[in-house]
Amino acid sequence: MSAVIQTYTLTKKFKQDEVIKPLNFSVEKGEICALIGKNGAGKSTIFKMLSGQLTPTTGEIYLFGKSGKDMVQAKRRMGFMIETPVFFPDFTAIHNLEYFRIQRGVAEKKRINEVLEIVGLANQKKKKFGEYSMGMKQRLGIALSLLSSPDCLVLDEPINGLDAEGIMEIRRLLIQLNQEKKITILISSHILTELQLVATRFVFIKNGVIVEDVSKQLLDEKSRKQIHLKVDDTGKTAQLLERAYEDIQYKSLPDQIITIQNHIEEAGEINRLLIKNDVFVMEFRVEALNLEEYFLGLVEGAGEK
Amino acid sequence: MINYIKSENYRLLRKKSLYLTTAICFILITAAAFVLYYFNEVDAHFPYGTSSFFYSNVLGMGVLIIIISFVYNATLTGKDISLTKQAVSFGISQSSIFWSKLMLTLCYFMFVCIVGILLMIGLGEILFAKEPETTGNFLIASFNMVPIVLSGFILIHTLKMLKISDIYNIIIIVFIYIFSGDLLYFVFRQINGWNEFYLFAPSTQLNDNLMSFMNQSMQLDYRYWVTGIVISVIALFIGAATFTKQDIG
Ligand SMILES: Nc1ncnc2c1ncn2[C@@H]1O[C@H](COP(=O)(O)OP(=O)(O)O)[C@@H](O)[C@H]1O
Ligand SMILES: [Mg+2]
């Protein structure tokens, strides 16, 4: 089994509130899987169940193919950072990480400096955790998740609170860890664009339900721009387009709308072509899909029925 | 679990409150001894310049000792409990966390108590006139207090691990170790067979222990252990069972 994380009909209820609906979800080895959902969608709740901080109401979790008591060993191969990381406020980064190094049985002390280097905190050795900014806390949380050299990282909104430069660094770091160290990564965010350049797979969650699960390739296809046309004669338009561009990709939609998925850079020529041939063009625009709205907005309507 | 205990020990030894409390306790004990000694030297009729009076002060402060144990307990509980979410994520069980924190703080607390008793006996022997039975009686009285104080420590640990706020925690402790005897006396005094039940209340026992010491009628008493063990077992049973099942995210 190559699934690093696997859940079967996992649910979580808080009192009567079913926050996670039966969830069958897996993360395959080598993936960078992004879990995208608005605040309150249930991202952290799923992660907490994976880490053991919350007991699932029903369902099963397998980490590296292990479940129940056998999972203890598998958990040592995981690095979790869920919500805001917590450390001793009166300790420096080194003391805090030393505490966890002892706890996790990491043999080499120099690993502490390595992970601090990786997250860019190596030059903040004197500062106590209590004096850290949000972004620094987040970085130390990532350092902790790396401390025991895990094979799988689970990061809950790790980009929260970082400045633009920090976001770029973390993105670069995640890609590097994934490609060089072959670390599988599950990462959540409430903003798709934060992860669009990083992840290889995108899972959209809404009110505790997975509503879309797409590969990077499919996402890119969907997010590509298109030309949106409203014309009086769609048949004639199609004919003209096919004649002028052999490989044209278009869709005929109701209400005399045609969308064209390629040759977008030639929008001007296409427009002229139609007008020259007496097609009456009522609308002509180049549009980009807002995928967040597309995936998450879509279900809002469905959920409200 | 060993690694977890080691890491908690690392944390504990870097807590200022631990050193501060210990220092303050030892300084107060020493200061009290010297104050009594001083008055005894300047005033020939000063009645309290004896080791038995010196010892009785500490025996009379059972509740204060339990409150001090609160500080030792808090070195690994209190706000630090929020770090356990990261320990749990790494596969450390909640029951390991519960027992490790308890055992570790309890060891340090008992160590400090033993040093405190030795310090008192040392001061008592050096500064005050020899009284043949006193030191032995003090050791017996201290031994009788052990189960009561430990039950207080364990109860505090459980309440702290279950995130009961400090105020309620202290109210519960004060109630059990100061007022429980009076309450049991009033509730059960009319009921045949139960009217001596209050003698098992920790507050009554702390008082009785002090009285026996002052009357020089000191002896070891199993009933202190009955009470101490009952309170401890109930606290541990509830604590370990509840904390282990508790969601901590
Ligand atoms: N301990 C809790 N008790 C009750 N409700 C909770 C608790 N934790 C989370 N929730 C609810 O569960 C839902 C999902 O929360 P969460 O997983 O934190 O969302 P996200 O991380 O996606 O923002 C929210 O509606 C939240 O109010
Ligand atoms: Mg969250």
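**Reading a two-chain model, step by step**

Q: How many of the 305 residues in chain A are buried?

A: Buried residues account for 49% of the 305 residues in chain A. Keep in mind that this is a predicted model. A residue is called buried when its relative accessible area is under 20%, and exposed when that area is over 50%. For chain B, the buried share is 48% of 249 residues.

Q: Which helices and strands should I look for in chain A?

A: Chain A contains 11 helices and 13 strands. Its C-alpha trace spans about 80 × 45 × 35 Å along the principal axes.

Q: And what is the order of elements in chain B?

A: Starting at the N terminus, the elements of chain B read α-α-α-α-α-α-α-α-α-α. That fits the count of 10 helices and 0 strands. The C-alpha atoms of chain B fill a box of roughly 65 × 50 × 25 Å along the principal axes.

Q: What does the surface of each chain consist of?

A: Look at the atoms that supply the area. In chain A, about 14800 Å² is exposed, and carbon and sulfur atoms supply 49% of it. Chain B has an accessible surface of about 12400 Å², with 71% belonging to carbon and sulfur atoms.

Q: Where do the charges sit, on average?

A: One way to read this is to take the mean position of each set and see how far apart the two are. For chain A, the 42 positive and 41 negative charges have mean positions 8 Å apart. For chain B, the centres of the 14 positive and 13 negative side chains lie 19 Å apart.

Q: What part of the contacts joins residues at least 24 apart?

A: Here we take contacts between residues at least 6 apart in sequence. In chain A, 66% of these contacts join residues at least 24 apart. In chain B, the figure is 79%.

Q: Which domains does chain A have?

A: The assignment gives domain 1 (3-215) and domain 2 (225-287). Over C-alpha atoms, the centres of domain 1 and domain 2 of chain A are separated by 46 Å. A database record adds another label: in an unreviewed entry, UniProt lists residues 5-232 of chain A as "domain: ABC transporter". That span is 35% helix and 29% strand, and its end C-alpha atoms lie 52 Å apart.

Q: Where is Asp232(A)?

A: Asp232(A) lies in the loop between strand S10 (226-231) and helix H9 (234-244) of chain A. Asp232(A) has a relative accessible area of 38%, so we call this residue partly exposed. Beyond its neighbours within four places in sequence, Asp232(A) is in contact with Gln256(A), Val279(A), Phe280(A) and Met282(A). Asp255(A) is 23 residues away along the chain, yet the C-alpha atoms of Asp232(A) and Asp255(A) are separated by 9.5 Å.

Q: What sign does phi have in most residues other than glycine?

A: Most residues other than glycine have a negative phi, so a positive value is a good reason to pause. Lys15(A) has a positive phi of about 55° and is not a glycine. You can find Lys15(A) in the loop between strand S1 (3-14) and strand S2 (17-28) of chain A. Lys15(A) counts as exposed because its relative accessibility is 77%.

Q: What is the phi of Lys182(A)?

A: Its phi is near 60°, again positive in a residue other than glycine. Lys182(A) belongs to the loop between helix H6 (164-180) and strand S7 (184-189) of chain A. With a relative accessible area of 56%, Lys182(A) is exposed.

Q: Which residues of chain B does UniProt list as "transmembrane region"?

A: An unreviewed UniProt entry lists residues 18-40, 52-72, 102-124, 136-156, 168-188 and 222-243 of chain B. A useful habit is to compare such a record with the model. Residues 168-188 are 100% helix, with end C-alpha atoms 26 Å apart. Residues 222-243 are also 100% helix, and their end C-alpha atoms lie 31 Å apart.

Q: Is Thr84(B) buried or exposed?

A: Thr84(B) counts as buried because its relative accessibility is 3%, and the cut-off for buried is under 20%. Thr84(B) sits in helix H5 (residues 84-89) of chain B. Leaving out residues up to four places away in sequence, Thr84(B) touches Tyr4(B), Ile97(B), Lys101(B) and Ile248(B).

Definitions and conventions: Residues are numbered from 1 along each chain as its sequence is written. Chains are lettered from A and ligands numbered from 1 in the order in which they are written. This is a predicted model: local features need pLDDT of at least 70, side-chain atom pairs count only at pLDDT 80 or more; totals for chains, interfaces and linings use all residues. Side-chain values use heavy atoms; hydrogens and water are left out. Helices (H or I, at least four residues) and strands (E, at least two) are DSSP runs, numbered from the N terminus. Buried means under 20% relative accessible area, exposed over 50%, partly exposed in between (1.4 Å probe, protein chains only). Contact means heavy atoms within 4.5 Å. Accessible areas come from the Shrake-Rupley method with a 1.4 Å probe; for residues, only the protein chains shown count as cover. Lys and Arg count as positive and Asp and Glu as negative; His and the chain ends are not counted. The place of a charge is taken as NZ of Lys, CZ of Arg, CG of Asp or CD of Glu. UniProt positions are given in the numbering used here, feature names are shortened, and annotations may be inferred rather than shown by experiment. Domain bounds come from an automatic or database domain assignment.
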